[in-house]
Amino acid sequence: LCVVETNAERASMALRRFAVESVSMERLAQRCHVVIIAVKPQDLGPALESLRRAFATRSRRVLVMSIAAGVRLASLERRLGRGVSVIRVMPNLPATVGCGMSALARGRAAAASDMAVAKAIFRCVGDVVELPERLFDVVTAISGSGPAYVFLILQALCDAGRRGGLPKSVAQQLAMRTAKGSAELALQSGETLEVLIARVASKKGTTEAALKVFARRGLARIIREGVSAAVRRSRQLSKGTQTNLRK
């Protein structure tokens with residue numbers, strides 16, 4: 001495994017922690033069969049130019065995966081040159097603890113075997129799904145931004161618990177473990193979310209009382225509107241990124 005890292009401190013940390021080799025961009029492009037681009041969109045232009053120059057002298061095909069937010073496959077393929085297999089990936093923050101959700105989209109030159117390699121890599125940090133790129137703005141709004149929505153709800157539950165007299169640590173444990181267990185149950189049970197809600201909400205019970213308040217205040221509508229705003233912003237940022245890359 002080879003790493004290109006311009007920040008000396010981060011490069012040193014990677015070498016110590018993961019026993020990888022720090023190399024130049026040119027050396028990376030020549031040696032590695034799979035290249036993962038994990039840079040901010042504003043830093044992408046120079047990285048792609050370096051890779052393009054290095055790939056021009058390479059005889060074997062290479063697979064490039066990009067997790068650069070908002071950068072479309074067409075832009076990546078155009079900048080990297082003809083024949084380079086490109087796959088775009090949208091991971092999320094829980095990947096840092098092995099519970100990520102990554103969406104993958106295949107470029108024009110990428111084969112099924114390339115997608116199999118990409119899925120195998122990103123399954124190391126969670127689950128994966130293959131989707132057409134046109135859905136990536138929605139993916140960004142749901143799974144990319146979604147952890148922040150969940151954290152906000154958890155924070156509200158913790159605050160409610162503390163107002164009810166629970167110690168902070170206990171309120172956090174109750175909220176976080178409940179969220180984790182509920183998600184795992186939904187994944188494993190095979191039942192619809194509507195059925196699972198009904199299983200918890202007994203007639204005239206405490207859950208039903210809370211759900212009535214949420215419905216009256218329009219909680220579901222608020223969440224839908226928030227996700228729609230995130231989709232629109234993702235599209236705006238994507239357009240701006242493509243414009244900057246063309247300059």
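Two strands count as paired when DSSP finds at least two bridges between them. In this predicted model, strand 6 (residues 100–106) and strand 7 (residues 126–130) clear that bar, with 5 bridges joining them in a parallel arrangement. One of the pairings puts M101 opposite D127 of strand 7. The link between the two strands involves helix 5 (residues 112–122), and strand 6, helix 5 and strand 7 together form a right-handed β-α-β unit.

Salt bridges come next, and the count for the model is 12. One of them joins R79 to E49, with the closest N and O atoms 3.4 Å apart. Since R79 sits in helix 4 (residues 73–80) and E49 in helix 3 (residues 44–55), this pair ties together parts of the chain that are 30 residues apart in sequence. The arginine end is the covered one: R79 is buried, at 15% relative accessible area, while E49 is partly exposed at 30%.

Helix 4 also takes part in a second bridge, this time through E77, whose side chain meets that of R108 at 3.2 Å, N to O. Here the partners are 31 residues apart, with R108 in the loop between strand 6 and helix 5 and E77 in helix 4. In this pair the arginine is out in the open, as R108 is exposed with a relative accessible area of 76%, whereas E77 is buried because its 11% falls under the 20% cut-off.

A third bridge spans 98 residues of sequence, running from R235 in helix 11 to D137 in helix 6 (residues 136–144). The N to O distance for R235 and D137 is 3.7 Å. R235 is partly exposed at 40% relative accessibility, and D137 is buried at 14%. Elsewhere, R106, K119 and E130 are joined into one network by salt bridges that share partners.

Turning to the surface, a nonpolar patch of about 670 Å² is made up of I153, L157, I197, L211, V213, F214, L219 and I223. Helix 10 (206–217) gives the largest share of this patch, with 3 residues. Helix 7, helix 10 and helix 11 (219–246) each put in at least two residues. Helix 9 (193–200) is represented too, since I197 of the patch lies in that helix. With 46% relative accessibility, I197 counts as partly exposed.

Helix 7 (residues 146–163) also holds L154. This leucine is buried, at 12% relative accessible area. Leaving aside residues up to four places away in sequence, L154 touches A175, M176 and A179. S189, 35 residues from L154 in sequence, is 23 Å from L154 in space, C-alpha to C-alpha.

Finally, a word on backbone angles. Most residues other than glycine have a negative phi. A19 goes the other way, with a positive phi of about 55°. It is placed in the loop between helix 1 (8–18) and strand 2 (21–22), and at 69% relative accessibility A19 is exposed. K204 has a positive phi as well, of about 60°, and is likewise not a glycine. The loop that carries K204 runs between helix 9 and helix 10. With 74% relative accessibility, K204 counts as exposed.

Methods: Residues numbered from 1 in each chain as written. Predicted model: local features only at pLDDT ≥ 70, side-chain atom pairs only at ≥ 80, totals over all residues. Heavy atoms only, no water. Helix = DSSP H or I, 4+ residues; strand = E, 2+ residues; numbered from the N terminus. Buried < 20%, exposed > 50% of the residue type's maximum accessible area, 1.4 Å probe, protein only. Contact = heavy atoms within 4.5 Å. Right-handed = clockwise from strand over helix to strand, strands pointing away. Patch = residues over 30% accessible without salt bridge, like charges linked within 9 Å, V, L, I, M, F, W, Y side chains within 5 Å. Areas by Shrake-Rupley, 256 points an atom, 1.4 Å probe, with all protein chains shown as cover. Salt bridge = Lys/Arg side-chain N within 4 Å of Asp/Glu carboxyl O.
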